[in-house]
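Hi there,

Here is the structure I promised to send you. Have a look at it first, and then read on for what turned up.

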There are 2 protein chains.
Amino acid sequence: MIRISIDAMGGDHGPKVTLPGLMRVVERRSDVTFLIFGLADEVQPVLETLPRLKAVSTFEHCEVAVRMDDKPSQALRKGRYKSSMWRAIEAVKEGRADACISAGNTGALMAMAKFCLRPMPSIDRPAIAAVWPTKRSESIVLDVGATIGGDAKQLVDFAILGSAMARAVFQIERPSVGLLNVGVEEVKGQEQVKEAGRMLRDASLDSMNYAGFVEGDDIAKGTTDVVVTEGFSGNIALKTAEGSARLIAEYLREAMNRTLMARIGYVLARSAFQRLREKLDVRRSNGGVFLGLNGLVVKSHGGTDDEGFAAAVELGYDMARRKLMETIRRELDQYHARMAPPAAALPLVVGGE
Amino acid sequence: MIRISIDAMGGDHGPKVTLPGLMRVVERRSDVTFLIFGLADEVQPVLETLPRLKAVSTFEHCEVAVRMDDKPSQALRKGRYKSSMWRAIEAVKEGRADACISAGNTGALMAMAKFCLRPMPSIDRPAIAAVWPTKRSESIVLDVGATIGGDAKQLVDFAILGSAMARAVFQIERPSVGLLNVGVEEVKGQEQVKEAGRMLRDASLDSMNYAGFVEGDDIAKGTTDVVVTEGFSGNIALKTAEGSARLIAEYLREAMNRTLMARIGYVLARSAFQRLREKLDVRRSNGGVFLGLNGLVVKSHGGTDDEGFAAAVELGYDMARRKLMETIRRELDQYHARMAPPAAALPLVVGGE
């Protein structure tokens, strides 16, 4: 049985979207239970209308809901220990849930998740991973905005976290990993990216196939299963791609509305356009995954509908069922065991001085 | 009369594409002359077939052509002073041409342009500016990859260079300028981006409307006329957008080929699809503009066709005709005059210690 904790108040529409989202998951998965946190006044009336969901859920009332426009510091001040967001995260910490899902605001959710779950030993900074549609299928891109900047060691951490997630989500035995850079030549790019490349090559881990540098257009090509970058450029890449997709959709709409022939063509090709819409549907790859913390947290888009929220919940479900946390712990241990200087070598270094 | 120097050998196809490209420009502009540099064996046979072009051109033979895969250092070693690329740039330096166009490789072209033309006084680093299609019309994004990193002062330089280009290319009196960042809140982002924001706000220049921070999706929205960032994230944004556009085009092609109805619809809506293709056509906004050097250099895509090369040439033509170099010089002077501490204030500072 997979146990998921839910911040029912998160997102632009709160329980009216999150609970119907859970209902969709219940219809599709038989081995899931929910721990739902929220304001009783708002959650219970909706829950009463969904008896099948109610049957697999435990509801716990909270006094506070974090708002979508609360700053992280505000959210922590007013919502720590008592908000639905905090308590859904805390349920993971206490071992009552295998993963936590919230459509609440990203900054607040990350601040609370860091405060409550703490980064894993050896991880300095958590990352947010996005599932990105590609020509081949899907890839994982991280960090898309948890923190700005990052040294070589942090990029290597992200590579390990991302490849563990690729294994859990895509079930690829040895995912390929690329470092985002501005040119595939060895000489180019930021120092820390080059250094991370050397570290990954030297480590030659069993768990991933380090494939070198990739460029911005390689993300959509699906050149590697995992694309690693620091949060500034990762966030800009993600938002630039979203902006480009919306721009092209707009161009297409305009073009198909310009002439009668085009409109007739559009009607005939409706199913094709429907298919295109589905391909581009952010709901299908909805959810940023927080990696590097002592517990699984998935952030759903705030403006999503019930199907989108269900997709984020199912992403959390899949990762929990495939024991992502255990995989990450094991692979971090392996990396550090391999990279630790052999004990015998230390005196030699000291003696050499 | 606008005089343009041309590296006829640049690009994947050399004179077979560059000269027919010039021919298109001659058909559309009456006040242009060309200084064409290249290998006589390859250029002259093509030029003989284009008498109207020949009539407005001067051809100068060069012994060396820089190859598309030459490294910048190789290109400089073998091509300095004698390659068609170098001599086309040098013609600008010598005042024989108002702008130089090459479809040769970016790294080599930038290395030669820096070496030959030198950065303008007060400019530490040149930038490459791209013209980006947006929902509103077009914007200018820089730096898309001339150099990696950049401090606040360099970002301010880029803002001045980009807004001068926006005035020349879009004929906007006071272009709006945004700094690319990861969130519009003042507290977010890289230190140097925040510092550049403060400097631009304090300067409150007549020549631009500094509009604050913008995010990745604002580029395609056209939120500001100019988007400023350092070369690493700018290059990743540009290539990610290109990758996304290609992915969506691929999805669309697949979708329209799946059923008979969709194929019939496609035929009826052909003109609409043609229109979409034109909108997405990189040839129309072909050309990276090198800014911050003592002379105008435009880089055309290497793989472009004659229409694309013509677009890059016309971009150089427009900027030369609207005296971009003079505008940039004037606005840099204005900025530095405004930012220089008043002479009288200096003793006070010294006395205060």
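Let's start with a question: is Glu250(B) buried, partly exposed or exposed? Glu250(B) has a relative accessible area of 23%, and that makes it partly exposed. Please keep in mind while you read that this is a predicted model.

Glu250(B) is a good place to begin since it takes part in a salt bridge with Lys135(A), where the closest N and O atoms are 4.0 Å apart. This pair crosses between chains: Glu250(B) sits in helix α10 (residues 231-257) of chain B, while Lys135(A) is in the loop between β5 (127-133) and β6 (138-142) of chain A. Lys135(A) is partly exposed too, with a relative accessible area of 46%.

In total, the search of the whole structure found 51 salt bridges over all chains. As background, side chains of opposite charge can pair when their charged atoms come close.

A second pair to find on your screen is Arg96(A) with Glu60(A), whose side chains meet in a salt bridge at 2.2 Å, N to O. Arg96(A) belongs to the loop between α5 (84-93) and β4 (99-102) of chain A and Glu60(A) to strand β3 (residues 57-61) of chain A, so this salt bridge ties together parts that are 36 residues apart in sequence. Arg96(A) is partly exposed at a relative accessible area of 33%, whereas Glu60(A) counts as buried at 16%.

The third pair stays inside one helix. Lys153(A) and Asp157(A) form a salt bridge, with 2.9 Å between the closest N and O atoms. Both residues lie in helix α7 (residues 152-170) of chain A, four residues apart, which is about one turn of the helix. A general point helps here: an α-helix has 3.6 residues a turn, so residues three or four places apart point the same way. Lys153(A) is partly exposed at 26% relative accessibility, and Asp157(A) is buried at 2%. Elsewhere, salt bridges with shared partners join Arg24(A), Arg28(A), Arg29(A), Asp306(A), Glu307(A), Glu314(A) and Asp318(A) into one network.

Next, take a look at helix α8 (residues 191-203) of chain A. Its 13 residues reach 18 Å from the first C-alpha to the last, close to the 18 Å expected at 1.5 Å a residue. Several residues of α8(A) are buried, including Val193(A), Lys194(A) and Leu200(A). What do the buried residues of α8(A) pack against? Their partners are α7, β7 (176-180), β8 (209-214) and α14 (324-339) of chain A, together with α10 of chain B. Right after α8(A) comes Ser204(A), which has a positive phi, near 30 degrees.

Over in chain B, Leu50(B) is in the loop between α2 (40-48) and α3 (51-55). Leu50(B) counts as buried, with 15% relative accessibility. Leaving out residues up to four places away in sequence, Leu50(B) touches Leu19(B), Pro20(B) and Met23(B). Its C-alpha atom is separated by 47 Å from that of Leu205(B), which is 155 residues away along the chain.

Finally, Leu260(A), Met261(A) and Ile264(A) make a nonpolar surface patch of about 290 Å². Leu260(A) is in helix α11 (residues 260-268) of chain A and counts as exposed at 57% relative accessibility.

Happy exploring!

Note on methods: Residues are numbered from 1 along each chain as its sequence is written. Chains are lettered from A and ligands numbered from 1 in the order in which they are written. This is a predicted model: local features need pLDDT of at least 70, side-chain atom pairs count only at pLDDT 80 or more; totals for chains, interfaces and linings use all residues. Side-chain values use heavy atoms; hydrogens and water are left out. Helices (H or I, at least four residues) and strands (E, at least two) are DSSP runs, numbered from the N terminus. Buried means under 20% relative accessible area, exposed over 50%, partly exposed in between (1.4 Å probe, protein chains only). The expected span of a helix is 1.5 Å times one less than its number of residues. Contact means heavy atoms within 4.5 Å. Patches are made of residues with over 30% relative accessible area and no salt bridge: like charges are joined within 9 Å, nonpolar side chains (Val, Leu, Ile, Met, Phe, Trp, Tyr) within 5 Å. Accessible areas come from the Shrake-Rupley method with a 1.4 Å probe; for residues, only the protein chains shown count as cover.
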